[in-house]
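Open the model in your viewer and keep the selection panel at hand. The tour below goes stop by stop.

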Amino acid sequence: MWRDLEPLGRNAGSGGYRRYAWSEADVECRAWFRAQAEGRGLAYEVDRNGNQWAWLGDPEAQDAVVTGSHLDSVPDGGAFDGPLGVVSSFAALDELRGRGVEFGKPLAIVNFGDEEGARFGLACVGSRLSAGQLGVEQARRLTDADGISLPQAMERAGYDPTAIGPDPERLARIGAFVELHVEQGRALDLSGDQVGIASAIWPHGRWRFDFRGEANHAGTTRLVDRRDPMLSYAETVLAARREAHLAGAVATFGKISVEPNGVNAIPSLVRGWLDSRAADQATLDTVVTGIEKAAREYADTHGVELDIVRESFTPVVEFEHALRDEIARILQGASDRLEVPVLGTGAGHDAGILSGSVPTAMLFVRNPTGVSHSPAEYAAEDDCVAGVIALADVLEGLTRR
Ligand SMILES: [Zn+2]
């Protein structure tokens, strides 16, 4: 499976993947998914939002056990974020068939469309639409950098966009959804475990900081006469690092725009975007409040005006405890491990979106460097196999309960 997927959407220059939703590369990945499903005799279907499903057993029956992930990528993404979950799902099914398991419930493998949001700027579009967390009109208005709308892109890829929208009946037939994913951090590497269980997705948000000063000549304006917003911005970046460090959270200024953006001009405006995430809401509030307070002080010091706007916010997603505990029991029963690590994550996933509608859990596979969203993203073959076995154990346990 990896050999077949490897060349699809891979950029020769960067070595990274550019599998944007509904692009040629995405269509190739989708053809691969369909071939994997049909090659195993699974019933293949596409839902109203373009998510692909492969069914073993009756899709109309209740209490289905569903696994899967996504095949699209960020710009120059790695091979594992998304595809590891889909490949592991098919491999886990093969493993269970090899064990001669009789399934007491329908089992499905899913590929959610447009998880990364690389093309239309909004993540998890496929699962958000199905879960009713993205309005149909809003989805129809999404456009890419070339002005192509989401419906147009779906149509060009050979999918029917006319019925996009909430899919509560389909979701109601799912008894449990388990997404396996490469870890996007180093917790498992540090604890020495191959596989872990997700506890929660951290609350996270984006804030825009506009520092307004006065443009002037970089050569003739005395330092004391300047109102330089770059200074306040720079101090705020350091404050963000300090506040996050103190609270055990993360805070990042990763995007900036400067006006007039001239080498020999003191800026009039520095606009920086803060991304901050923490294990719980109170910690995140403390971090962001601390950064805002520091930013206002620095702005005052330099005679700079400051506006702060929260552009987006996603509250904490706590995965269902009963399902999580059941998965922990299954994994502990299937191995000689005393305890399977349970870890939080700062990254969003389809599983997080679905958790509002369906009992949902996640398994993480060790990432030795923690690097993700990069061509250097990696998981060792041994760990990937351990992930498949763990997923197979979980699916077997859940279809029997
Ligand atoms: Zn992912």
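**Stop 1: His 373**

Select His 373. This is a predicted model. His 373 has 18 C-beta neighbours inside 10 Å, so it counts as partly exposed; a residue needs 20 or more to be buried. Now look along the backbone on both sides. His 373 sits in a loop, with strand 15 (360-365) before and helix 13 (381-400) after.

Which residues does His 373 touch, leaving out those up to four places away in sequence? Add Val 74, Gly 77, Gly 78 and Asp 81 to the selection.

**Stop 2: Asp 81**

Centre on Asp 81. Its loop runs between strand 3 (64-70) and helix 3 (83-98). Buried or exposed? Asp 81 counts as buried, because it has 26 C-beta neighbours inside 10 Å.

Show the contacts of Asp 81 next, again leaving out residues up to four places away in sequence. They are Ser 73, Val 182, Ser 372, His 373 and Glu 377.

**Stop 3: the annotated site**

Keep Asp 81 and His 373, and add Glu 116. UniProt lists these three under "binding site", in an unreviewed entry. In sequence they are spread over 293 residues. In space they cluster, and the largest C-alpha distance among them is 9.9 Å.

**Stop 4: two domains**

Zoom out and colour by domain. Domain 1 is 2-202 + 316-400, and domain 2 is 204-314, according to the domain assignment. Place a centroid on the C-alpha atoms of each: the two centres are 36 Å apart.

Now select the boundary. How many residues of domain 1 are in contact with domain 2? Five are, and they meet eight residues of domain 2. On the domain 1 side of this contact, two residues are nonpolar, three are polar and none is charged.

**Stop 5: the whole chain**

Switch to cartoon view. The chain has 13 helices and 15 strands. Along the principal axes, the C-alpha atoms fill a box of roughly 80 × 50 × 40 Å.

Compare the radius of gyration with the globule rule. The chain has 23 Å; a compact globule of 401 residues would have a value near 21 Å, so the two agree.

Colour by burial. Buried residues make up 45% of the 401 residues. Then draw the contact map and keep the contacts with a separation of 6 or more. Of these, 76% join residues 24 or more positions apart.

Technical notes
Residues are numbered from 1 along each chain as its sequence is written. This is a predicted model: local features need pLDDT of at least 70, side-chain atom pairs count only at pLDDT 80 or more; totals for chains, interfaces and linings use all residues. Domain bounds come from an automatic or database domain assignment. Two residues are in contact if their C-beta atoms, placed from the backbone, lie within 7 Å. Ala, Val, Leu, Ile, Met, Phe, Trp, Tyr, Cys and Pro count as nonpolar, Asp, Glu, Lys and Arg as charged, and the others, Gly among them, as polar. Helices (H or I, at least four residues) and strands (E, at least two) are DSSP runs, numbered from the N terminus. The radius of gyration is taken over C-alpha atoms; the globule rule is 2.2 Å times the number of residues to the power 0.38. A residue is buried if 20 or more other C-beta atoms lie within 10 Å of its own, exposed if 12 or fewer, and partly exposed in between; C-beta atoms are placed from the backbone. UniProt positions are given in the numbering used here, feature names are shortened, and annotations may be inferred rather than shown by experiment.
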